[in-house]
Amino acid sequence: MPKPAMQPRPRPSSLVSQFAREVAAGLTKPGQKELPSKYLYDSVGSALFEVICELPEYGLTRSEERLLQLHAREIVDQLPRPVVVAELGSGTGRKTRLLLEALSRWQSTWYHPIEISPSALAVLRRELRDINSISIVGFEREYLDGLREVAVRRSPGEHLLVLFLGSNIGNFDGAAGSDFLRDLRLILQPGDLLLIGTDMLKPVQTLISAYDDPIGVTAAFNLNLLARINRELGADFNLQRFEHLAIFNEVTHSVEMRLRSRVRQKVAVSEASISVQFEKEETIWTESSHKYSQDELVSLAHHSGFRRQAQWMDQNWGFAENLWIAE
Ligand code: TRP
């Protein structure tokens, strides 16, 4: 009997990385193509994002830092003790340092950064290790998985303070933001706290300059996502044929970041086993950044099971630090 012809062995899906699977799903989605924004932050992306935070046009990070510089002690004075600190998406730790230093006047503190970027976690450990009486145990996990770990490890009588800074909540799309906060609340116990930073609504031109700066750092940051897919998944994106786009959606109050194809073209992503057709001017949606009104914050807290305990506002840029308590 003739030997059956060798079939190419289908790759078990567990061997195709999650990154490849999510890229394939996003780029073959009918209608609007998309890529998950969490993949913006490889080591190149994280470095570019740090530069964004220094840009005069991107006032968000400096604004929040000013707030914490002015009010860290006041914030810490509002907390029950002892308190364990968990942070979702830790960033570089500059802002966190202000809070941890204020807290270390009162107690020795367990600090748990939860962060999917290993390079960001490593930077953070280095940045914060000199603070007195802080023990850092990080988790390289998705936000709520990491938070569940922290919650089960705490001792009876310890309160939990969750830091969610940088208006990261605004990067959840539409209802996903309040769904996320409700899920987060379910991991907490009544009396636990959430310190959440929110970027407020401001004139459209200010927002567009913040997300499409004149020297092109933000464009590089966004385009790096395609470069990363080239590097890690063997794709053949020609970066010259895509451009960064930031538009303000007046209905959803979000800045939408997209990558727009300058020409009609085809792109192959070898590790994801896909080939994708782009029409001229077709976009890939990479991230939205929602901007908040005061009324919206009131209902967001309420609907996700929190009571608003205090708020500190930087009028200069338009940024609020909100302290919410789980009901
Ligand atoms: N979380 C940041 C924000 O919404 C991220 C960010 C800044 C960003 N500039 C960007 C994401 C450009 C994608 C593209 O402000």
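1. Let's start with the residues around the largest cavity in this predicted model. Its lining is made up of Val76, Leu79, Val85, Leu99, Leu100, Leu103, Leu161 and Leu163. Two elements give two or more residues to that lining, namely α4 (94-103) and β5 (159-164). Of the contributors, α4 gives the most, with three residues. If you sort the lining by character, you get eight nonpolar residues, no polar ones and no charged ones.

2. How many cavities of 30 Å³ or more does a search of the whole structure find? The search finds one. The volume of the largest cavity is about 30 Å³, so please read the list of lining residues above with that figure in mind.3. Stepping back to the whole chain, you will find ten helices and 13 strands. The radius of gyration is 21 Å, close to the 20 Å that the globule rule gives for 327 residues, so the chain is as compact as a globular protein of that length. For a feel of its dimensions, the C-alpha trace spans about 75 × 55 × 40 Å along its principal axes.

4. Now for the seven-stranded sheet, which is open and runs in the order β4-β3-β2-β5-β6-β13-β12, with mixed pairing. Its edges are held by β4 (134-136) and β12 (306-314); each has a single partner strand, so one side of each is left without a neighbour in the sheet. On average, neighbouring strands here are turned by 20° against each other, direction ignored. As a reminder, strands of a sheet pair through backbone hydrogen bonds, either parallel or antiparallel.

5. The β4 edge is worth a look in your viewer. Strand β3 (residues 109-114) runs parallel to β4, and three bridges join the two. Which residue in β4 is the bridge partner of Trp110? That partner is Ser135. Helix α5 (residues 118-128) packs on this sheet, where it touches β3 and β4, and its direction makes about 155° with that of β3.

6. Another helix packs on the seven-stranded sheet: α10 (residues 294-303), which touches β6 (193-199), β12 and β13 (319-326). The direction of α10 makes about 150° with that of β12.

7. There is also an open sheet of four strands, in the order β1-β11-β8-β7, and its pairing is mixed. Here the edge strands are β1 (33-34) and β7 (242-249), each of which pairs on one side only. Two bridges join β1 to β11 (residues 283-290), and these two strands run parallel. One bridge you can pick out by name puts Lys33 opposite its partner Ile284 in β11. Helix α8 (residues 204-211) packs on this sheet, touching β7, β8 (254-261) and β11, with its direction at about 155° to that of β7.

8. Two backbone details deserve a check by eye. Where is the cis peptide bond? It joins Arg81 and Pro82, with omega at about 0°, and Pro82 lies in the loop between α3 (60-77) and β2 (83-88). The other detail is His253, which has a positive phi of about 55° although it is not a glycine. You will find His253 in the loop between β7 and β8.

Terms used
Residues numbered from 1 in each chain as written. Predicted model: local features only at pLDDT ≥ 70, side-chain atom pairs only at ≥ 80, totals over all residues. Heavy atoms only, no water. Pairing = 2+ DSSP bridges. Contact = heavy atoms within 4.5 Å. Axes fitted to C-alpha atoms, helices over the stretch in contact; angles between N-to-C directions. 1 Å grid on protein atoms, 1.4 Å probe; cavity = no way out; pocket = protein on both sides within 12 Å on 5 of 7 lines; lining within 4 Å. Points joined across faces, edges and corners; volume = space filled by probe spheres on them. Nonpolar A, V, L, I, M, F, W, Y, C, P; charged D, E, K, R; others polar. Rg over C-alpha atoms; globule rule 2.2 N^0.38 Å.
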